[in-house]
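Work through the exercises below with the sequence and the coordinates at hand. Each task is followed by a solution in steps.

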Amino acid sequence: MREILRLEHIQKYYGNVGNITKAIRDISFSVEEGEFTGIMGASGSGKTTLLNCISTIDTVSAGQIYLDGQDVTEISEKDIARFRRENLGFIFQDFNLLDTLTVSENIALALTINKVPAGEIDARVSEIARKLDILSVLDKYPYQISGGQKQRCACARAVVNHPKLILADEPTGALDSHSSRMLLGTISGLNEQMNATILMVTHDAFSASYARRILFLRDGEIFTEIRRGNESRRVFFDKILDVLTMMGGSTDAVS
Ligand SMILES: Nc1ncnc2c1ncn2[C@@H]1O[C@H](COP(=O)(O)OP(=O)(O)O)[C@@H](O)[C@H]1O
Ligand SMILES: [Mg+2]
C-alpha cells in the first residue's frame with residue numbers, strides 16, 4: 001500500500017503569549033491510498049483545525065504534513081490555490097454549488113481553472129456523472145435538482161480531478177437522517193468503487209461508522225484509533241460508542 005498522507009508531530013496554537021489555545025498539541029498519523037478515515041472527537045477537540053492544516057487553509061505552529069511526499073507546510077502562498085485544485089477534493093457541508101453554473105460546469109470548475117482541454121473535461125465529467133447517476137441533470141442548475149442530486153454533484157466535483165485526498169468536515173452536519181444516509185452511501189462509493197482516499201471529520205457515531213478506520217481526538221491529541229476490518233457497520237457503530245464512552249461522557253454521539 002502506498003502512503004498518501006503523513007503527519008509528523010503537528011502542533012497548532014492560537015492566540016499569543018499569555019492567552020494561548022492549544023488546538024492541536026501533538027498529532028502524528030499516516031493514511032494509505034484508498035483508505036476511508038474518520039476523525040471523531042467532541043466539540044473543540046481540534047478536528048476542524050486538523051483538517052484545515054492538512055488542506056493548507058490554516059498553517060501549523062510546528063510539525064510536518066506530507067501529501068504524497070510533498071511537505072504542504074512549505075508551499076508558498078502563490079502556489080497554494082493551485083496545489084489545492086490539483087491535489088485535494090472537498091465536500092462541503094452546504095455543498096457550495098454555484099447557483100449560476102450548471103451541474104456540469106460546477107463539476108468541471110477545477111478542471112476548467114486548471115486549463116484541462118475541453119474534450120477531456122467533457123469526458124471526465126460524463127464518466128463521473130454516469131457513475132453517480134446524475135447524467136440526466138448535467139445541464140440543469142442547482143435550484144432545478146433534488147437534494148440527493150446536489151449531494152452527488154458535490155461528490156462528483158470533489159472526485160473529478162482524481163485528487164490525492166478528499167476532505168470533508170462534518171458533511172452530514174446540516175442533513176436529516178435520510179439525507180445523511182444517502183450522502184454517506186455516496187461517499188463510501190467514492191472510496192469503494194473509485195479507490196478515493198477520504199478523510200472525514202464528524203462528531204456523529206453513525207456517520208463515522210461508514211469509515212473503515214477512525215481516529216479519536218481529545219484535547220488536540222489522538223486518544224486512540226480503531227479499524228472496521230471485516231465487521232459490519234452495525235458492529236463498528238457499537239464499537240465507536242464504546243470508545244466514546246471510554247473517552248468520557250460524549251453526549252452527542254447519537255445515531
Ligand atoms: N481561529 C481560531 N482562533 C482561536 N481559537 C481557535 C480558532 N479556531 C479554533 N480555535 C480553538 O481551537 C480549539 C479546537 O477547535 P476546532 O478545531 O474548531 O474543534 P472541533 O472542530 O473539534 O470542534 C477550540 O478550543 C477552539 O476554540
Ligand atoms: Mg469543527
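**Exercise 1. Strand pairing**

Task: In this predicted model, find the residue with a positive phi in the hairpin of S4 and S5, then describe how the strands there are paired.

Solution.
1. The hairpin of S4 and S5 has 2 residues between its strands, and Asp68 takes a positive phi near 50 degrees.
2. S4 and strand S5 (residues 70–71) run antiparallel and are joined by 2 bridges. Leu67 stands opposite Gln70 in S5.
3. S4 (residues 62–67) also pairs with strand S1 (residues 3–16): the two run antiparallel, with 5 bridges between them. In this pairing Gln11 stands opposite Ala62 in S4.

**Exercise 2. The setting of helix H1**

Task: Decide whether helix H1 is largely enclosed or not, and list its buried residues.

Solution.
1. A residue is buried when its relative accessible area is under 20%.
2. In H1, the residues that meet this criterion are Lys47, Thr49, Leu50, Leu51, Cys53 and Ile54.
3. Helix H1 covers residues 47–54, and 6 of its 8 residues are buried, so the helix is largely enclosed by the rest of the structure.
4. Just after H1, the backbone at Thr56 takes a positive phi of about 65 degrees.

**Exercise 3. Aromatic pairs**

Task: State how many aromatic pairs a search of the whole structure finds. Then classify the pairs Tyr141 with Tyr143 and Phe206 with Tyr210.

Solution.
1. The search of the whole structure returns 3 aromatic pairs.
2. For Tyr141 and Tyr143, the ring centres lie 6.5 Å apart and the planes are at 20 degrees; planes under 30 degrees apart count as stacked, so this pair is stacked.
3. Tyr141 has a relative accessible area of 30% and is partly exposed, whereas Tyr143, at 66%, is exposed.
4. For Phe206 and Tyr210, the centres are 5.5 Å apart and the planes at 75 degrees; an angle over 60 counts as edge-to-face, so the pair is edge-to-face.
5. Phe206 has 12% relative accessibility and counts as buried. Tyr210 counts as buried too, with 9%.
6. Tyr210 has a further contact: the charged end of Arg233 sits over its ring, 4.0 Å from the ring centre.

**Exercise 4. The largest pocket**

Task: Give the volume of the largest pocket and describe its lining by position, element and class.

Solution.
1. The largest pocket holds about 410 Å³ of space.
2. Its lining has 17 residues; Arg85, Phe90, Phe92, Ala110 and Arg157 lie nearest the centre.
3. At least two lining residues come from each of helix H2 (77–87), strand S6 (88–91), helix H3 (103–113) and helix H5 (147–159). The largest share, 4 residues, is that of H3.
4. By class, the lining divides into 10 nonpolar, 4 polar and 3 charged residues.

**Exercise 5. The second largest pocket**

Task: Repeat the analysis for the second largest pocket.

Solution.
1. The volume of the second largest pocket is about 270 Å³.
2. Of the 18 residues that line the second largest pocket, Val159, His162, Pro163, Met194 and Ala196 lie nearest its centre.
3. Helix H4 (118–131) and strand S7 (165–169) each contribute at least two residues to this lining, and H4 provides the largest share, 4 residues.
4. The classes are 9 nonpolar, 3 polar and 6 charged residues.

Definitions and conventions. Residues are numbered from 1 along each chain as its sequence is written. Chains are lettered from A and ligands numbered from 1 in the order in which they are written. This is a predicted model: local features need pLDDT of at least 70, side-chain atom pairs count only at pLDDT 80 or more; totals for chains, interfaces and linings use all residues. Side-chain values use heavy atoms; hydrogens and water are left out. On a 1 Å grid over the protein atoms alone, a cavity is a set of points where a 1.4 Å probe fits but cannot get out, and a pocket is an open set with protein on both sides within 12 Å along at least five of seven lines; lining residues have an atom within 4 Å of a point. Grid points are joined across faces, edges and corners, and a volume is the space filled by probe spheres set on the points. Ala, Val, Leu, Ile, Met, Phe, Trp, Tyr, Cys and Pro count as nonpolar, Asp, Glu, Lys and Arg as charged, and the others, Gly among them, as polar. Buried means under 20% relative accessible area, exposed over 50%, partly exposed in between (1.4 Å probe, protein chains only). Rings of Phe, Tyr and Trp (its six-membered ring) pair if their centres lie within 6.5 Å; planes under 30 degrees apart count as stacked, over 60 as edge-to-face and the rest as tilted. A charge sits over a ring if NZ of Lys or CZ of Arg is within 6 Å of the ring centre and within 35 degrees of the ring normal. Two strands pair if DSSP finds at least two bridges between them.
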